[in-house]
2 protein chains.
Amino acid sequence: MITTLAGGVGAAKLLDGLSSIVPPEELTIIVNTGDDCEFHGLHISPDIDIIIYTLAGLVDEEKGWGIKNDTFNCLEMLKVYGHDTWFKLGDRDLATHIHRTMMLKSGYRLSEVTKDICTRLGLKQRIIPMTDDYFATKIRTDNETMHFQEYLVKRGSVDVIREIVYDGSENAKPAPGVIESIMEAEIVIICPSNPLVSIGTILAVKGVRQALRNTKAKKVAVSPIIGGTVVKGPADKMMRHLGIEVSALGVAKLYADFLDIFVMDEVDAALMHDVERLGIKAVTTNTLMKTKDDRVRLAKFVLDAALMHRKA
Amino acid sequence: MITTLAGGVGAAKLLDGLSSIVPPEELTIIVNTGDDCEFHGLHISPDIDIIIYTLAGLVDEEKGWGIKNDTFNCLEMLKVYGHDTWFKLGDRDLATHIHRTMMLKSGYRLSEVTKDICTRLGLKQRIIPMTDDYFATKIRTDNETMHFQEYLVKRGSVDVIREIVYDGSENAKPAPGVIESIMEAEIVIICPSNPLVSIGTILAVKGVRQALRNTKAKKVAVSPIIGGTVVKGPADKMMRHLGIEVSALGVAKLYADFLDIFVMDEVDAALMHDVERLGIKAVTTNTLMKTKDDRVRLAKFVLDAALMHRKA
């Protein structure tokens, strides 16, 4: 059994690769919900949707999110009604949010809704939100505190960050299966997602970090930082603003208390020694996932690294 | 000031004609909400939307409802999620229901939401739902009682009707402005809508029938029955099943306690004498509205009939 911690696009690509080489039934995916937000009265779970759409073969590959060939007619009309439309929601995509909202209003938990959506779309992987409770990642700048989506999408990540606020983390309990799947896994994979607002949020849910320290699973992470920058998203900027070293080593340090193996890009080979001084086994490969082959190859490399370490 | 009682497509056409010859600010439209229903967690007001879309020039003229050139991608995806999709909701159309539902959940009343939608779409007519309260038209057959939309859309009006149930009519209060606009109007026009489930529902709201009897306005109705059949919808079938004469005369009888003038089609001229024996002035014209010109011509005829009667 393999359990993974996942954010959005980078995670989705690796999970797509993993799903090609591992029976999907053996894959548990714990997904960040700190990005969850409400627009037009609808509950939106951006990372869950990116993962689900990708694994279901529905995703708009060019954008990395949303459904391919989707239209945006509802959003255009919502604009006429005075709604904020900077968060782009396609017409097909909206069905997911309508369905989710309807189920939540009926009393189902987000984890139950997510399972239902997976079943409807024919997914065999077990996808679990990190929590069923309120948890909102917020960004504090010099002037204001805003929801992460506002920082990321509306403002295009231009602000200088002073603090990341995990709003709700004091009370948010891990969703059913989160702790168990970490404790019972043979391998836990930390996907190449933003270490602060994707993986960091999952780690901020009560009991998750401790479970990662306690589990007998081999814990392997893939660095989202390659040669000091990021493939997608604002992780590098955010790390810089917060005084965290913007490198694979900087990421490794954030996971040092529980990580066994760190998969870095070849361009960062010079940092291997420093990573290993943290007590983490460092391995390098080409971590860029441009094609489906890249995804499968990297997934295989990550798995092999964990298996080899287990035998060692 | 003109106040009208309106159902769906037939009413929308006459109101479109009226809006061409009367300043729209002088037009109050009281709309049936007995057809209102909930799908996918969204509040849908079919007759209000038909009227609004028609007057805003947005309506799909061929179907008579929905928005022209709309797509149905969200609905297609909702089907994947196991939702009933026999009630056809286009993507642009959905924005109206999302906006309405969001406002209702925020505590606004349906009349306030309707006003907001009209403003956003640039309409100057005053459109009022008959009630802000729960009111659901239901159809009782030999075997079951179903919502009117289920009878009309899902089952294609094939069932034999035993009773029309105005569920909620005991408690539903007229929306703000309904009674006042009837009492203060110079002319009240009963649109050519289903006399049982469009006009009949409005008449079933507390105080409306009495206001129509009491007002000093001239009250003129247009028959939706032409030559014993209906242009659109199941009014003729419903009347037959309930033992009501399927003719313009049958309609006139339903309004006899308050009506001054009845506009019938030329093909029904033979019934004029019987209508007048009810104490109603009967006039005939071509009441079919196939073109925009037809709408304007009929609206003008209705208005002239009321004005002439007033002078007489």
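# Exercises on a predicted two-chain model

With 22 C-beta neighbours inside 10 Å, Leu27(B) counts as buried. The exercises below start from this residue and concern a predicted model.

**Exercise 1. Determine where Leu27(B) lies and which residues, distant in sequence, are in contact with it.**

Solution.
- Step 1. The residue belongs to strand 2 of chain B, which covers residues 27-31.
- Step 2. The threshold for burial is 20 or more other C-beta atoms within 10 Å; Leu27(B) has 22 such neighbours and is therefore classed as buried.
- Step 3. Neighbours within four places in sequence are set aside; the contacts of Leu27(B) are then Ile2(B), Thr4(B), Leu18(B), Ser19(B), Val22(B), Gln125(B) and Arg126(B).
- Step 4. As a distance check, Leu58(B) is 31 residues away along the chain, and the two C-alpha atoms are separated by 19 Å.

**Exercise 2. State which operation superposes chain A on chain B, and identify the C-alpha of chain A nearest the axis.**

Solution.
- Step 1. The operation is a rotation of 180 degrees, with 0.0 Å of shift along its axis and an RMSD of 0.0 Å.
- Step 2. The two copies are therefore related as by a two-fold rotation axis.
- Step 3. Within chain A, the C-alpha of Asp91(A) is nearest the axis, at 3.1 Å.
- Step 4. Both copies use the same surface, since 100% of the contact residues of chain A recur in chain B.
- Step 5. For the confidence of the prediction, the complex has an ipTM of 0.94 and a pTM of 0.94. Chain A has a mean pLDDT of 96, and 99% of its residues reach 70 or more.

**Exercise 3. Describe the contact between chain A and chain B by residue count, contributing helices and residue class.**

Solution.
- Step 1. Chain A gives 22 residues to the contact, and chain B gives 22 residues.
- Step 2. On the side of chain A, helix 3 (73-80) and helix 4 (91-105) each supply at least two residues.
- Step 3. Helix 4 of chain A provides the largest share of that side, namely nine residues.
- Step 4. By class, the residues of chain A that touch chain B comprise nine nonpolar, eight polar and five charged.

**Exercise 4. Give the domains of chain A and characterise the contact between domain 1 and domain 3.**

Solution.
- Step 1. Chain A is divided into domain 1 (37-134), domain 2 (137-167) and domain 3 (178-311).
- Step 2. The C-alpha centres of domain 1 and domain 3 of chain A are 27 Å apart.
- Step 3. Five residues of domain 1 and six residues of domain 3 of chain A form the contact.
- Step 4. The domain 1 side of this contact in chain A consists of two nonpolar, two polar and one charged.

**Exercise 5. Is helix 11 of chain A mostly covered or mostly uncovered, and against which elements do its buried residues pack?**

Solution.
- Step 1. Helix 11 of chain A spans residues 248-255 and is mostly covered, with six of its eight residues buried.
- Step 2. The buried residues are Ala248(A), Leu249(A), Gly250(A), Val251(A), Ala252(A) and Tyr255(A).
- Step 3. Their packing partners in chain A include strand 9 (187-190), strand 10 (218-222), helix 10 (235-241) and helix 12 (272-276).
- Step 4. In chain B, helix 11 is likewise largely enclosed by the rest of the structure, because six of its eight residues are buried. Among them are Leu249(B) and Tyr255(B).

**Exercise 6. Identify the residues that touch the most other members of the largest nonpolar core, and list the contacts of Ile51(A).**

Solution.
- Step 1. In soluble globular proteins, nonpolar side chains tend to be buried together.
- Step 2. The largest nonpolar core has 208 residues, of which Leu15(A), Ile51(A), Phe262(A), Leu15(B), Ile51(B) and Phe262(B) touch the most other members.
- Step 3. Beyond its neighbours within four places in sequence, Ile51(A) is in contact with Ala6(A), Ala11(A), Ala12(A), Leu15(A), Ile29(A), Val31(A) and Ile127(A).

**Exercise 7. For His40(A) and Ser157(A), give phi, the loop and the degree of burial.**

Solution.
- Step 1. His40(A), although not a glycine, has a positive phi of about 55 degrees. Its loop joins strand 3 (37-39) and strand 4 (42-44) of chain A.
- Step 2. His40(A) counts as buried because it has 24 C-beta neighbours inside 10 Å.
- Step 3. Ser157(A), also a residue other than glycine, has a positive phi near 55 degrees. It is found in the loop between helix 6 (148-154) and strand 8 (163-167) of chain A.
- Step 4. With 16 other C-beta atoms within 10 Å, Ser157(A) is partly exposed.

Definitions and conventions:
Residues numbered from 1 in each chain as written. Chains lettered and ligands numbered in written order. Predicted model: local features only at pLDDT ≥ 70, side-chain atom pairs only at ≥ 80, totals over all residues. Least-squares fit on C-alpha atoms with pLDDT ≥ 70 in both. Contact = placed C-beta atoms within 7 Å. pLDDT = per-residue confidence, 0-100. Domains from an automatic or database assignment. Nonpolar A, V, L, I, M, F, W, Y, C, P; charged D, E, K, R; others polar. Buried ≥ 20, exposed ≤ 12 C-beta atoms within 10 Å, placed from the backbone. Helix = DSSP H or I, 4+ residues; strand = E, 2+ residues; numbered from the N terminus. Core = buried A, V, L, I, M, F, W, Y, C linked by C-beta atoms within 7 Å.
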